[in-house]
Amino acid sequence: MGSMKEFLWLIVALPFAGSLILVIAGKKLPRLACAFVGVGSVSLSAIVTLLVGISFLRGNPGGTPYVESIWQWMNVDGLSPDIAFHLDAVSLAFIFVVTFVGALIHLYSAQFMWKDEGFARFFIYMNLFVGFMLTLVLADNMLLLYLGWEGVGLCSFLLIGFWYGDPANGYAARKAFIVTRVGDFAMTIGLFVLFINFHTLNIQAILTAAPTTWAVGSGIALTTALLLLGGALGKSAQLPLQTWLPDAMAGPSPVSALIHSATMVTAGVYLIARTHVLFELAPVAQTTVAIIGAITLLVAGLAALNQHDIKRVLAYSTISQIGYMFLALGVGAWSAAIFHFMIHAFFKALLFLGAGVVIWSLDEEHNMFKMGGLWKKLPVTFWTFLIGAASLSALPLITAGFYSKDKILWLSYASDKGSVWLWLAGLAGAFLTALYAFRMVLLTFFGDVKKEPSQRPGLMMTIPLIVLSILSIIGGFIELPGDMGHFTMFSDFIEKTLPATLVNISGHYTELLFQLISGLVAVAGIGTAYVFYYNKAFPAAEPQRNAVQNFFYKGWDFDLLYDTLIVRPVVFLAQMDKNDVIDRFYNGLASLALWFNKLLSATQNGMVRRYAIVLAIGAIITLTIILYL
Amino acid sequence: MNIIFYIASALAVFSTIKVVTGKIAIHCLLYLIASLLAIAVVLFILGAPFIAALEVIIYAGAIMVLFVFVMMMLNLGQASEKTESGLLNKKMWIGPSAISLILLGEMIYVLLSQRATPLTLNIITPAAVGQLLFTKYLLVVELAAFLLMAGILGAYHLGEKKKLVYHRFLKKGNDIT
Amino acid sequence: MNIQLEQGMLLAAVLFLTGLTGLLVRRNIIFMLMSVEVMLNAAGLAFIVAGSAWGKADGQVMFIFILTMAAAEVAVGLALIIQMFAKFKSADTNRANTMNG
């Protein structure tokens, strides 16, 4: 079994192989075979992950990373990255989530997309995405990580604009790509700075060399950390680059479940966790991370409260929850962030898949105010969705969400980089989360039946829902807080790679107090939602919003801000530059050719007399030449 | 003899100018015949009696007659006269006249830059011409015969009225309906 | 009798250029053909004058051939004019300025 971990490369290769097979033969294979290849490749990858993980942990108490180098990518003037995979606790956690949740989502989408004519194309893109995400997470050097980074961006673009017949989907895909590109640009410059300073892009080499080369709080460390943070902001849809995620809901629901809740948007969290040394060398940057996280979770929470499209609620919810992860990273609670990532993947994917079932059964109805009374009609969906929403709201003790979110809230106060303000922001966010989550549940599943579901989900769609809902409950029990048994299996596991959090305030009773407060806040949120939304008849399909609510509904009008500040000036400058010197030159060439054409075609106008005149003039010219020259 | 040359050439030039500026087609043709006859006189004076006779017989007698016949067949009439006067206005003469005057100037320059050589009157008999035709220019005579044959056939074909060719079932009298 | 060569050539030149002017000015195809005849005649006259200056019969032989050619040309040309009349119902050369298709 010890040699099982040598199959690490297989984890990455299997989804790519599945994608390749479908590219070559997808059109000729029958639909069932395509589904088999698409779902099977990721499932096999999940099984291999399990085996590799077991093999890695067995006989490896210290958690030494396992590096497997496949081949040397290039060797150019000192830059010699390899295609190499680096397995340690953090990447193991990530690949477990990616492959396992990915396999469930692929199974679900086999039935969800069954009637779509782009069936094979869907699985090509999904497998490609899983392959790139695994590359990103397992990468040994920054260049390979960047390859995976760009690859998931590409697949996100392809999948958001999957139904490309509608131009709005294409627009949403382009918006996603361009906004994340802003972040990627910052990250590229960060990679340049790293290479110039360390002459290598190998992550472990950089992390060991950085504390000796750069002083704590030095400008260069701050610059690099902020540049990498820029990249993370783009991919994880945090302020100010969060505008693309709500529009990315134009893609099919499995895409939203896989990419925009569980895996791709957490790539930023992974990046910051991986390069934690650089952030520790620049405390200002780390505090920036925490502040951005705190502000984002409030902004997104308020926006989610005012949406009527069920998927947009979940999109803003994702932005908000990743804000929690950033908050945790910012205060140095590394393992808490990874823990919340894992639990969030479970319940957010569950919520998206459940929303997908609702939309699918109601024939593409997205408006929550047009739904209702579905708890009797779609029972399995209802119960699993309820469990997911409860986990999202961090319902005390019984849901996994409670354990992960509560740990973040506690450490945002108690960590040596934490503060009261961060804790209060997190608490307010928790209230908002519970409120909008149960608003969503009550509007969709309770009340009068406004639209009958036309099709019931089959086994392939309900099994992933059930599995994920079970995980949303029991997933939290691997990490119990200090005053509840102090079972720290997960954080011990992560702390082999990432540093432990330094806690200023300790004491079980203080922690219990904080837990009580957060539990009360969650229950209060659910209660408020009950008061406002249970069995209330809403007259209009969309709620009447006042000016403040409208502002939140539009996502705090960031689109308008960017349009005015950036888009309009650039378009204006481009219009002004439309006929500059270079354009004039090429236009002039074309005009010259046209002029010659007109000139020459005038000689063939068929007028006989004109020919005669030209003959006579030619005779004169010839005679003159002969006589005088 | 010189006087006759000058009078005949003046007549020829005058008639040609009337040809070019005339409006009625038949009148122009008649002026052309007059010009040809004047040229024939000049040719006599230059000592080419055979050619002068040919000019009268063939050029003025056959070619121009052909012209007249076709003119009469086309039946241009009064309408044509009006059109012609409409088309020939003073402005149109400027360009071509300029071209011709430039060419004339150049030719006069060429001619005057030669030394004046007096022409002695050599009467070249038809016998001399015939001798040349049958020996030196035999091949060209044959080619001229080809040319005339081609001209006849071409004129015949081109002068035909094209009949519309119906499928035999569509011709009247052959109705199958 | 002293007619200089130049004077004969000058006569031929004047006649030729008159014909050329007529060709350029006129729009009616029949008048254009007439002007072409004038030009041909003038060219033949130039040949005769030159042949007489040399004292040989070659110029006259040339003139015979020019005459032959003019005859053939007139025949074919008039036949074409008849066709043009049948097609365009007018003798204006400006009408015949497009090709088929």
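**Entry 1: chain A against chain B**

I began with charge pairs and found zero salt bridges across the interface of chain A and chain B. The rule I used takes a side-chain nitrogen of Lys or Arg within 4 Å of a carboxyl oxygen of Asp or Glu. By class, the side of chain A that touches chain B has seven nonpolar, one polar and one charged residues. For these classes, Ala, Val, Leu, Ile, Met, Phe, Trp, Tyr, Cys and Pro are nonpolar, Asp, Glu, Lys and Arg are charged, and the others, Gly among them, are polar.

I note that this is a predicted model: local features need pLDDT of at least 70, side-chain atom pairs count only at pLDDT 80 or more, and totals for chains, interfaces and linings use all residues. Residues are numbered from 1 along each chain as its sequence is written, chains are lettered from A and ligands numbered from 1 in the order in which they are written, and side-chain values use heavy atoms, with hydrogens and water left out.

I then looked up contacts, meaning heavy atoms within 4.5 Å. Nine residues of chain A touch seven residues of chain B in this sense. The two chains bury about 730 Å² between them, 80% of it on carbon and sulfur atoms. Buried area here is the accessible area (1.4 Å probe) that two parts lose on being put together, summed over both. One residue pair is in polar contact across this interface, both at pLDDT 80 or more. A polar contact is a pair of N or O atoms within 3.5 Å; within protein, one must be able to donate a hydrogen and the other to accept it, and residues adjacent in sequence count only if both atoms are side-chain atoms.

**Entry 2: chain C against chain B**

I ran the same look-ups here. I find 62 residues of chain C in contact with 81 residues of chain B. The buried area comes to about 6,600 Å², and 78% of it is on carbon and sulfur atoms. I count one salt bridge between chain C and chain B. It joins the side chains of B:Lys136 and C:Asp58 at 2.9 Å, N to O. The interface also has 10 residue pairs in polar contact, both at pLDDT 80 or more.

Which elements give two or more residues to the side of chain C that touches chain B? They are strand 1 (3-4), helix 1 (5-25), helix 2 (29-54) and helix 3 (58-88) of chain C. Helix 3 of chain C gives the largest share, 22 residues. By class, I read 42 nonpolar, 14 polar and six charged residues on this side of chain C.

**Entry 3: chains C and B on their own**

Chain C has three helices and one strand, in the order β-α-α-α. Helices (H or I, at least four residues) and strands (E, at least two) are DSSP runs, numbered from the N terminus. Of its 101 residues, 60% count as buried. I take buried as under 20% relative accessible area, exposed as over 50%, and partly exposed as in between (1.4 Å probe, protein chains only).

Chain B has seven helices and one strand, and its pattern reads α-α-α-α-α-β-α-α. Of its 177 residues, 33% count as buried.

**Entry 4: salt bridges in chain A**

Over all chains I get 11 salt bridges. A:Lys175 pairs with A:Asp559, the closest N and O atoms being 2.9 Å apart. A:Lys175 lies in helix 6 (residues 167-198) and A:Asp559 in helix 24 (residues 558-576) of chain A, so the pair ties together parts that are 384 residues apart in sequence. A:Lys175 is buried at 13% relative accessible area, whereas A:Asp559 is partly exposed at 37%.

A:Arg312 and A:Asp247 form another salt bridge, at 3.5 Å. Helix 14 (residues 310-330) holds A:Arg312 and helix 9 (residues 244-247) holds A:Asp247, so this pair ties together parts 65 residues apart in sequence. A:Arg312 is partly exposed, at 23%.

A:Glu365 forms a salt bridge with A:Lys451 at 3.8 Å. Both residues sit in loops, 86 residues apart. Buried or partly exposed? A:Glu365 is buried at 12%; A:Lys451 is partly exposed at 27%. I also find A:Glu150, A:Arg181, A:Asp184 and A:Lys235 linked in a network of salt bridges.

**Entry 5: A:His344**

I looked up A:His344 in helix 15 (residues 334-361) of chain A. A:His344 is buried, with a relative accessible area of 0%. Beyond its neighbours within four places in sequence, A:His344 is in contact with A:Ser261, A:Thr318, A:Gln321, A:Met325 and A:Ala349.
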